[in-house]
Structure formats: structure tokens, C-alpha cells
Amino acid sequence: DGVNLPRSPMNVDVAPEEICLAACQIQGAGTHRAVAGERASFVVEAHDARGNRLVSGEAPLSVIVRTLRGGGAVDRSGMNTGASGEKREEDVTRGQILDYGNGAYEASYVVRTAGPYEVALVLMGEELVMKGTCEPGPAVVPGCVLLGDAVLDLEVGAKGVFTIERRDAYGNVAPSRQGQVKLRYVADGPGDVDAHVVDCAEGRSEVYATAKVAGRYFITVVGGDDQVPVPGSPFELVAYPGAAAATASVTSVYGAQLASPDADVLAAVAGDEITLTVSPRDKFGNKTVFGPGARVKVTAVVDGDERLEFEDRGGPRAEATLRGALTAAGSYLLRATIGDEPLAGYPRILQVVPGATDPRRCVLFGDALSGVDCGSRASLTMHAADRFGNLR
């Protein structure tokens, strides 16, 4: 008839059941993202299987992290199963659980290897697995690595490249160029070095260097506020001379001299040997040697006709020596080439003058040659000539 029983109504306190891992609410960036070397975290709010919120702590929770170096799946034994089914041992680390005492917990962990990973919340052997990605930390100078050779052998004028991979303090490639370590260079050597640093994608910086003076250069790459050298620095650049260039090679003339101080005309005596030595230089003026096809040719030309080709007397590859002697007085065009290219300052005029008078080659003419009448004037003319018959 609706009559209340004694002591009714009664107050009933309904306690939640034991914590259920699948029903817990989890939030925070640490569930899917971490930065190498930095502590990542997320908050766990404990609930039972019916969704009731637990208000007390002391749940036996733990957190473990497995790195995924091969990009495959990780089983509970800590093995990575790749696409081929091959199992490889993985790094497994334990995180920390901070119990707030009110049913809330903060889980934190540190990952040092960039790339995919799994973080598992563990309760009594049961796991709640979340997949995340670890991003590399900021690049540091001591972590940078040179890719390739530390010594480059290049022809002068050629561009050499030292490629440096930017890495964080844990050896992860740091691809981002935003806020990364700034690299600079210092070059030491026999000449100036045209160099610059380019920050590229994929975590690489390239140091381009060009030298125009042959020799050995040391390039120190530094970075950061304290200008710390990159490991392995200084790097070495060896610049060797290029091919002999006609426009830069040095020519010396012996046996002929300038006709006048303000003229570029050479003067020589008929019959005297003229020697040209050509010291090869590359296009930047570095001493070099003649290559197999770099033949030096010197000729004397009159009205387009070649009158004499100087004889190549050989000598070291570092110098060419050519000799020739012109016996006919007159004006010549002296041509000197390396291959098909004229040497600097050539062609030039060569004026050959008669030598000393040789009585045996002098010419006499006049009426006195046919006889002289007593008491009458007779004439006799002599034209002086050198030993080659050149009239003086």
C-alpha cells in the first residue's frame, strides 16, 4: 500500500569497479608526438569498465616505449617485424608515472631516436598501445657529420663541395632549416678562396669553395654562437694548376732586343741565333706544364710566306725552348702559338739587320775595274756586305 519500510529511504554509496585500461581517458601531445631528448607526457584519467570515474590512486600503471627503427610493427616481446617478416631487436625504455592521488596520472617518457615509435600504457600485463612520431631536436655543431671525403683535389677554378649533415645531440638528422645552427667557414692557404655555405633540405649544408691560386688550403667550418668547429674540420682543398693557356704563358726572347725603348719591335742581327723560351701558365697565372697536345710553334713570316720555323730543342715539360737564325736582312712577322692560340704579345715584328762587314762578300763596281788611264781620274765604288751578302 506504499508504506515505507523502517529506515527507508536509505543512502547507498556506489563505488566504481576496478580500473579498466580500455575505458580510461587519455589526453596530451605525448600520446602521438615527441621531440628527441625532450620529455613527452600525457594524462590518464582512470575509469572502470562502466565509465565511472575513479577518484583514488595507486593503480599499478606503467609506461614503456618501443622505437620502430625499421618502420615495421613491434610485438610485445620488443621485436620489430619488418615487411619481409624478419624480426629485429628494438630499443625498449621505461617511462615514469606520476600519481596525483585522485584517479589521475601523468605518464612521461623520453625518446632519443627520431622516427616512429610506440608508447604503451601497461596495467597488469594488459597494454594500451599508441603510435607516435619522434621529431629530431635542434641541430648542434658537435653532432654534425661530414658526408664524403675530407680532402678534395680540384683544378684551379673548379668548384668543390663539402657536404655536412646537420644532426641533433643524439645523432638524428635535423632536416628543418628553421632556427637551425648557422655554419660559417674560415679558409687558410696561399690565395683567396671564394666560398659560401648553402643550407639545403634534408638536413644538409653544403660548403662551396673555389680557389684560383694553386696550392693546399684548409677550410675550417664553424657554427653556433661560440664558433665551435664541425667534427673533422678543418677540411682540405688541394688546387692543382690547369692546362697551359697561351694568353697567360710567359715568353722570354734571347738573341734579339727591342729596337727602341718605346716600341714593341724586336731587332736581331742576321745569322745570330734567336731563342724563345715559353714558361707555361694556366689561365689564372699558375705555373703548370705542357700537356701532350700543347705544342709550341714559332715561325718567321714575310708577306704571308713562312720563311723559317724555329726548331724545338725540347727541354722539361715546364718550359719550351725554340731556336732559329735568320740570314736574310729585312722585316719579319714573328708568330708564336700554343696549339692554335697565339701567345700573349704575338704576333710581333722582328727586324733583322745586316751583320758585320765581311770583305769577302763586299761588292766593287766602277770604271776603274776595266782599267785606269795615266793622269786621268778613275772611280771605284764598294758596297759593304755581311757574310750572308746583306748590303749594309
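## Salt bridges and a small inner space

At 4% relative accessibility, Glu118 counts as buried. That value comes from a predicted model, and Glu118 is a good place to begin a tour of its charged residues.

Glu118 forms a salt bridge with Lys131, the closest N and O atoms being 2.7 Å apart. The two belong to distant parts of the chain, with Lys131 in strand 12 and Glu118 in strand 11 (residues 115-123). Unlike its buried partner, Lys131 is exposed, at 55% relative accessibility.

Which residues join Glu118 and Lys131 in a network of salt bridges? They are Arg66 and Glu127. Arg66 sits in strand 4 (residues 61-67) and Glu127 in strand 12, and Arg66 is buried, with a relative accessibility of 3%.

Here are three of the pairs, out of 12 salt bridges in the structure:

| Pair | Closest N to O | Separation in sequence |
|---|---|---|
| Glu118 and Lys131 | 2.7 Å | 13 residues |
| Glu127 and Arg66 | 2.8 Å | 61 residues |
| Glu135 and Arg33 | 3.2 Å | 102 residues |

Glu135 lies in strand 12 and Arg33 in strand 2 (residues 33-35), so this pair ties together parts far along the chain, 102 residues apart. Both are partly exposed: Glu135 at 34% and Arg33 at 38%.

Asp282 tells another story. Asp282 is buried yet has no salt bridge, and Arg281, the nearest side chain of opposite charge, is 7.6 Å away. A polar atom of the Asp282 side chain does lie 2.8 Å from the backbone nitrogen of Asn286.

Finally, the structure has one cavity of 30 Å³ or more. Strand 18 gives the most to its lining, with three residues, and the lining residues divide into seven nonpolar, two polar and one charged.

Notes:
Residues numbered from 1 in each chain as written. Predicted model: local features only at pLDDT ≥ 70, side-chain atom pairs only at ≥ 80, totals over all residues. Heavy atoms only, no water. 1 Å grid on protein atoms, 1.4 Å probe; cavity = no way out; pocket = protein on both sides within 12 Å on 5 of 7 lines; lining within 4 Å. Points joined across faces, edges and corners; volume = space filled by probe spheres on them. Helix = DSSP H or I, 4+ residues; strand = E, 2+ residues; numbered from the N terminus. Nonpolar A, V, L, I, M, F, W, Y, C, P; charged D, E, K, R; others polar. Buried < 20%, exposed > 50% of the residue type's maximum accessible area, 1.4 Å probe, protein only. Lys, Arg positive; Asp, Glu negative; His and termini not counted. Salt bridge = Lys/Arg side-chain N within 4 Å of Asp/Glu carboxyl O. Polar contact = N/O pair within 3.5 Å; in protein donor to acceptor, adjacent residues only side chain to side chain.
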